[in-house]
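Welcome, and please have a look at the model below. The notes that follow walk through a few of its local features.

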Amino acid sequence: MYEIHNCLRSVFLATLIPGTILLSWLTGLVGLRCLQACLLIFFLIFVVLPLIFRYSVTFQRGILFLTFIKYPKGLDLTKPESVGLYATRNFYITVKDHDQDEDGVRVGVWHVLPSNAVRRFKRELRVEEEVAQDPDQQLDPAPGNERELKELSPAIRSEFPVVLPENEQLFYERLLRMPGGTVVLYLHGNTASRGSGHRSEVYKLLRKLNYHVFSFDYRGYADSDPVPPTEEGVVRDAMMVFEYIANTTSNPIVVWGHSLGTGVATHLCAKLASLRERAPRGVILESPFTNIRDEIRMHPFAKLYKNLPWFNFTISQPMYTNRLRFESDVHVLEFRQPIMIIHAEDDVVVPFNLGYRLYRIALDGRSRTSGPVEFHRFGASRKYGHKYLCRAPELPGLIQKFVENYRDAVY
């Protein structure tokens, strides 16, 4: 009965617009030419466009990844200091999609040093003025590997009296290997680049907590190679950056995904588990969804189309057929690491109930030997929306507690 009701509702909504146009003509409110023009526009928007979407993989990828949306304009990603991220290394990693891939895909990466390391080596990094002017650097330091820094800093200073382009990689990797540290791999959502404003705010928050932060642009984004992205491709990019970190340091790694990046994060962790590779110690999912089918149906852009009887045929199913799925509701059951989900109730891009549904799936479906699953909601009255949970005053404490609880735990 419920399915019949839904079917009748979809047919009614699909015919509402053309029916209204036809009724207007029959009652003499519009002329024949206006009727023909309106019906043609309806046919193009609601029939032709969905059919183009169904049969064009390029169109599907473009709508999903939105690589053509670039902001802020004129941003030089080779200079992270232009967005306030001094003491940050820009470099590139080549991703090989298979053993026979000779050229690979180059992706741009940022390594943001933790606050305690910046303060300790500000002279060598030549950022004394920036540190003095940064109010975050004047706050009480968060817990970190202060003892290790104090013990090893004389030796590091003698080895690196000044950090230059010639020795920058060695210096950053030396600090990354220092015992007692924590590394966060940040996987951003669609549109723009690793240098977008709200993402830089997250890096600065994590830096203040004395974590190393790695962020990168998937293939097709920003200054990474202009290769059309796919789900397998962006997960492969994430895998290579994760492997670079894991091969450089034994310190614990936490994976943080935002929006579309949550789909990348869960798929990455599931793949690491299937390969029995080193895994992160925890996963933070900011504004996650269950899968692309659910997200597309509930996205604001889909309001005009989601009640069409042919919506699944022309939009949802083709993306699944072309392996553009990001099935976090499946992948959260395939790895055992602890999960923390954070979501704002006023998120209109990824509706709050999708994040909560993913939490219930993980809570109810994971094995007893898997790590805990946490969920933290942020009220609509606080107006954090889709991008600005990083401004919640309680978030640093939640992150610290999660990281400290599980940084040494193995599941």
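## A strand with two partners

Strand β3 (residues 183–187) runs parallel to strand β4 (residues 212–216), and four bridges join the two. This is a predicted model, so please read every value here as computed from predicted coordinates. Within this pairing, L185 of β3 has F214 as its bridge partner in β4. To get from β3 to β4, the chain passes through helix α9 (residues 197–208), and the resulting β-α-β crossover is right-handed.

β3 also pairs with strand β5 (residues 253–258), again in the parallel sense, this time over five bridges. L185 turns up here too: its bridge partner in β5 is V255.

## How β3 is covered

Are the residues of β3 buried or exposed? The strand is mostly covered, with five of its five residues buried.

In a regular strand, side chains alternate between the two faces of the sheet. In β3, V183, L185 and L187 point one way, while V184 and Y186 point the other way. Both sets are buried.

## Two helices side by side

Next, a helix pair. The axes of helix α7 (residues 146–159) and helix α8 (residues 168–177) come within 11 Å and cross at roughly 170°. An angle over 145 degrees counts as roughly antiparallel, so α7 is roughly antiparallel to α8.

Which residues meet across this pair? From α7 come L152, I156 and E159, and from α8 come F171, R174 and L175. Sorted by character, the residues of this contact are four nonpolar, no polar and two charged.

## Backbone details worth a look

If you plan to inspect torsions, here are three places to visit. One is the peptide bond between Y71 and P72, which is cis, with omega at about -10°. P72 lies in the loop between α3 (57–65) and β1 (88–95).

A87 is found in the loop between α3 and β1 as well. A87 is not a glycine, yet its phi is positive, at about 55°. Is A87 buried or exposed? Its relative accessibility is 8%, and buried means under 20%, so A87 counts as buried.

S287 sits in the loop between β6 (282–286) and α12 (292–298). S287 likewise has a positive phi of about 55° without being a glycine. With 0% relative accessibility, S287 counts as buried.

Technical notes
Residues numbered from 1 in each chain as written. Predicted model: local features only at pLDDT ≥ 70, side-chain atom pairs only at ≥ 80, totals over all residues. Heavy atoms only, no water. Buried < 20%, exposed > 50% of the residue type's maximum accessible area, 1.4 Å probe, protein only. Pairing = 2+ DSSP bridges. Right-handed = clockwise from strand over helix to strand, strands pointing away. Axes fitted to C-alpha atoms, helices over the stretch in contact; angles between N-to-C directions. Parallel < 35°, antiparallel > 145°, perpendicular 65-115°, else oblique. Contact = heavy atoms within 4.5 Å. Nonpolar A, V, L, I, M, F, W, Y, C, P; charged D, E, K, R; others polar.
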